[in-house]
Amino acid sequence: MAGSTVQRNAGPTVALAVTNSAHAAVLIDDSTNDQINYTSFLNAGAKPCAIAFAPLAANISGPTFPVDGTNGSYVLPGGMTSPLILATPTTPYYLSAICGGTDTTTLYATPAADQS
């Protein structure tokens with residue numbers, strides 16, 4: 001099956017309506033008995049969004065876009081046509097996101113099991 005990608009979902013998908021204000025931290029949790037350390041992300045909007053995650057909601061300092069010479073949060077590109085699976089804290093954990101400028105997007109996050 002060349003050109004195909006298998007994604008093993010491990011919990012329900014959470015949707016975040018992301019604006020230029022940091023989204024309140026939302027819980028990402030699995031529905032398995034396994035240790036889940038990956039999440040599938042899909043940015044359905046046309047513009048990039050920055051994401052931040054942590055084991056506790058209080059530990060998220062807020063997602064930020066990097067600017068010249070500074071560090072920032074991980075940035076998901078706009079116009080994604082397939083999800084990107086990233087290593088994340090073990091579920092349950094908390095996720096926040098932000099769009100730049102006056103942009104808005106919908107971000108989908110799905111806990112994912114080991115892909116091997």
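# A tour from strand S4 to Asn43

Begin with Ala50 and select its bridge partner in S7, which is Ile98. The model is a predicted one. Extend the selection to both strands: S4 and S7 run antiparallel and are joined by six bridges. S4 covers residues 49-54, and S7 covers residues 93-99.

**The sheet**

Now show the neighbours of these two strands. The open sheet has four strands in the order S2-S7-S4-S5, with antiparallel pairing. S2 and S5 (74-76) are the edge strands, each pairing on one side only. Viewed along the stack of strands, neighbours in this sheet are turned against each other by 40° on average, with direction ignored.

**The rings**

Which residues do ring pairs link into a cluster? Select Phe41, Phe53 and Tyr93. The count of aromatic pairs comes to two. In the pair of Phe41 and Phe53, the rings are stacked, at 6.5 Å centre to centre and with 15° between the planes. Phe41 belongs to strand S3 and Phe53 to strand S4, so this pair links distant parts of the chain, twelve residues apart.

Stay on Phe53 for the other pair. Phe53 and Tyr93 meet edge-to-face, with centres 5.9 Å apart and 70° between the planes. Because Phe53 lies in S4 and Tyr93 in S7, the pair ties together parts that are 40 residues apart in sequence.

Colour the three rings by accessibility. Phe41 is buried, at a relative accessible area of 0%. Tyr93 also counts as buried, at 0% relative accessibility. Phe53 is partly exposed, because its relative accessible area is 29% and buried requires under 20%.

**The core**

Next, select Leu16, Phe41, Ile51, Leu76, Leu95 and Leu107: of the 16 residues in the largest nonpolar core, these touch the most other members. Strands S1 (14-18), S2 (26-28), S4, S7 and S8 (105-112) each supply at least two residues of this core. Which strand gives the largest share of this core? That is S7, with four residues.

Centre the view on Leu95. Beyond its neighbours within four places in sequence, Leu95 is in contact with Leu16, Ala24, Ala25, Val26, Ile28, Phe41, Ile51, Ala52, Phe53, Ile60, Leu107 and Ala109. Two of the ring residues, Phe41 and Phe53, are on that list.

**Asn43**

For the last stop, go to strand S3, residues 38-43, and select Asn43. Is Asn43 buried or exposed? Asn43 is buried, because its relative accessible area is 0% and the limit for buried is under 20%.

Show the polar atoms around this side chain. What does the side chain of Asn43 reach at 3.1 Å? It is the backbone nitrogen of Gly45. The side chain of Asn43 also reaches the backbone oxygen of Pro77, at 3.0 Å.

Finally, display the surroundings of Asn43, leaving aside its neighbours within four places in sequence. The residues in contact with Asn43 are then Pro48, Cys49, Leu76, Pro77, Gly78, Gly79, Met80, Thr105, Thr106 and Leu107. Leu76 and Leu107 in this list are also among the core residues that touch the most other members.

Technical notes
Residues numbered from 1 in each chain as written. Predicted model: local features only at pLDDT ≥ 70, side-chain atom pairs only at ≥ 80, totals over all residues. Heavy atoms only, no water. Buried < 20%, exposed > 50% of the residue type's maximum accessible area, 1.4 Å probe, protein only. Polar contact = N/O pair within 3.5 Å; in protein donor to acceptor, adjacent residues only side chain to side chain. Contact = heavy atoms within 4.5 Å. Phe/Tyr/Trp six-rings, centres within 6.5 Å; stacked < 30°, edge-to-face > 60°. Core = buried A, V, L, I, M, F, W, Y, C linked by side-chain atoms within 4.5 Å. Pairing = 2+ DSSP bridges. Axes fitted to C-alpha atoms, helices over the stretch in contact; angles between N-to-C directions.
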